[in-house]
Amino acid sequence: MRNQNQICAMLLAGGQGSRLKDLTKDTPKPAVPFGGKYRIIDFALSNATHSEIRDIGVLTQYKPYKLNEHIGIGDAWDYDRTKGGLRMLSPYYNEEGGRWYEGTANAIYENIDFLDRIDPQYVLILSADHIYKMDYNDLLLLHKKKGAECTIAVMEVPWDEASRFGIMNADESGRIIEFEEKPEKPKSNLASMGIYMFNWPTLRRQLIRDYNDKNSSYDFGKDIIPHMLAEDLPLYAYRFDGYWKDVGTVKSYWEANLEMIDPNNGLDIYDKSWQIYTSAKNLPPHYLGKDSKVTNSLVNEACNILGQVEHSVLFANVTVEEGALVKDSVILSDCVIKKNAKVNRVVMNEGETIEEGVEIGSEDLSSVYLVSDGKVNKE
């Protein structure tokens, strides 16, 4: 294997994702269903599997039950191993008491003992709430070539959106010379993707120093990276030009799901060379009735389609009754759209029902509707 015993990945998966509203009411953002079959965390885990990373820690915090249930022992991603493999890491009590993770850097600091036991050469910090495919070995190769202490994955974003991101300013060699957190007037459009490759001894020192700084917010972007730049340590940018999306809002979640329908616009889930793995229930095939019509859609197992579905993503066990229309929508598992009902530009949370003849949504391209707990919210 290319990088066995070199890298340990630490996957930050404890975020609440409050901007996704009711979609994260009972589950952390990384465990939110996505793409008709997957959960958001599946993409980072699958990337790690394809990149042949042997050791990975998944850091949980907010309502972790569904995430723990989904990941299990990691067998879906080939991490059920006696040596190495996947470990679920949650906040715990020690001799000083118990506390929640206070930031992204603090979450790693609280698991220094786990990393010390593995003693890797490099630590790869990942976020579990992004949709993308990346070979982390390409990041490692650049990191080694440049003799970097930290290499940060970045991608070009539209200039009018750059102020929404942490922006890396780099010289011609790719060395990062400045970091700006959501600048009003950005000097660059290279946005941080929240993916960091560190030399473990350097990261260890920085985490301990940061923990002892009572003025720190214990965050990689706000604290660790700026301090390393101030020390003039060699930090480099790894430019990524593939598909990547932060599904942080209901609208961006809706957009990313529908982009999956067309691999030219979104992520190609049919690429056999880089399969996205998931832990899924064993369900019967979906059924299409004699008068049904399904066009340009992703439809998962056990769906019962008697009506019409257009340009939509349907998760498992969804029922669309006679005369019903589902258009430009994302319908999570166990939902029912009854006779002659119509939904357009809608995200339906799991287990919701649209009653007979009810119409929800509109053709307004600026709006998306979230159906949850029997209520409709316009986003």
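User: Let's start with one residue. Is Arg 81 buried, partly exposed or exposed?

Analyst: Keep in mind that this is a predicted model. For burial, you compare the relative accessible area with the cut-offs: under 20% is buried, over 50% is exposed, and partly exposed lies in between. Arg 81 has 26% relative accessibility, so it counts as partly exposed.

User: Where does Arg 81 sit, and which residues is it in contact with?

Analyst: Arg 81 belongs to the loop between helix H2 (65-71) and strand S5 (85-89). If you set aside neighbours within four places in sequence, Arg 81 is in contact with Arg 54 and Arg 87. There's a local link too: the Arg 81 side chain reaches the backbone oxygen of Asp 78 at 2.8 Å. And the C-alpha atoms of Arg 81 and Asp 55 are separated by 9.7 Å, with their positions 26 residues apart along the chain.

User: Let's try another loop residue. Is Thr 24 buried or exposed?

Analyst: Thr 24 is buried, at a relative accessible area of 2%. You'll find Thr 24 in the loop between strand S1 (7-12) and strand S2 (33-34). Its side chain reaches the backbone oxygen of Gln 16 at 3.3 Å. Not counting residues up to four places away in sequence, Thr 24 touches Gln 16, Gly 17, Ser 18, Lys 29, Val 32 and Tyr 62.

User: Now helices. How many residues of helix H1 are buried?

Analyst: The general idea first: an α-helix has 3.6 residues a turn, so residues three or four places apart point the same way. Now the case here. In H1 (residues 41-50), ten of the ten residues are buried, so H1 is largely enclosed by the rest of the structure. Polar and charged residues are in that set as well, including Asp 42, Asn 47 and His 50. Just after H1, look for Glu 52, which takes a positive phi of about 60°.

User: How do I read a helix pair, say H6 and H7? At what angle do they pack?

Analyst: Look at the angle, the axis separation and the handedness together. Helix H6 (residues 200-211) and helix H7 (residues 220-230) pack at about 115°, and their axes are 11 Å apart. Their crossing is right-handed. On the H6 side the contact is made by Thr 202, Leu 203, Gln 206, Leu 207, Arg 209 and Asp 210, and on the H7 side by Phe 220, Asp 223, Ile 224, His 227 and Met 228.

User: On to strands. Which strands are joined by bridges to S13?

Analyst: A useful general point is that side chains in a regular strand alternate between the two faces of the sheet. Here, S13 is joined to strand S8 (residues 122-127) by four bridges, running antiparallel. Strand S10 (residues 150-156) is also antiparallel to S13, with six bridges. To find your place, use Ile 125, whose bridge partner in S13 is Tyr 196, and Thr 151, whose partner in S13 is Met 197. Ten of the ten residues of S13 (residues 190-199) are buried, so S13 is largely enclosed by the rest of the structure.

User: And whole sheets? What is the strand order in the open sheet with S16?

Analyst: Read the order across, then check the edges. That open sheet has five strands in the order S16-S19-S22-S25-S28, with parallel pairing. Strands S16 (287-288) and S28 (353-354) are at the edges with a single partner strand each, so one side of each lacks a neighbour in the sheet. Inside the sheet, S22 (residues 319-320) and S25 (residues 336-337) pair in the parallel sense over two bridges, and Thr 319 stands opposite Val 336 in S25.

User: What about the open sheet with S17: which strands stand at its edges?

Analyst: The order there is S17-S20-S23-S26-S29, five strands with parallel pairing. The edge strands are S17 (293-295) and S29 (359-361), each with a single partner strand, so one side of each has no neighbour in the sheet. The twist averages 5° from one strand to the next. Three bridges join S17 to S20 (residues 308-310) in parallel, and the bridge partner of Thr 295 in S20 is Glu 310.

User: Last one: how many disulfides does the structure hold?

Analyst: Zero. For Cys 8, the nearest cysteine sulfur is that of Cys 150, 16 Å away. For Cys 335, the nearest is that of Cys 303, at 9.8 Å. Cys 8 is buried at 0% relative accessibility, and Cys 335 is buried at 0% too.

Note on methods: Residues numbered from 1 in each chain as written. Predicted model: local features only at pLDDT ≥ 70, side-chain atom pairs only at ≥ 80, totals over all residues. Heavy atoms only, no water. Pairing = 2+ DSSP bridges. Buried < 20%, exposed > 50% of the residue type's maximum accessible area, 1.4 Å probe, protein only. Polar contact = N/O pair within 3.5 Å; in protein donor to acceptor, adjacent residues only side chain to side chain. Contact = heavy atoms within 4.5 Å. Disulfide = S-S within 2.5 Å. Axes fitted to C-alpha atoms, helices over the stretch in contact; angles between N-to-C directions. Left-handed = near helix turned anticlockwise from the far one by under 90°.
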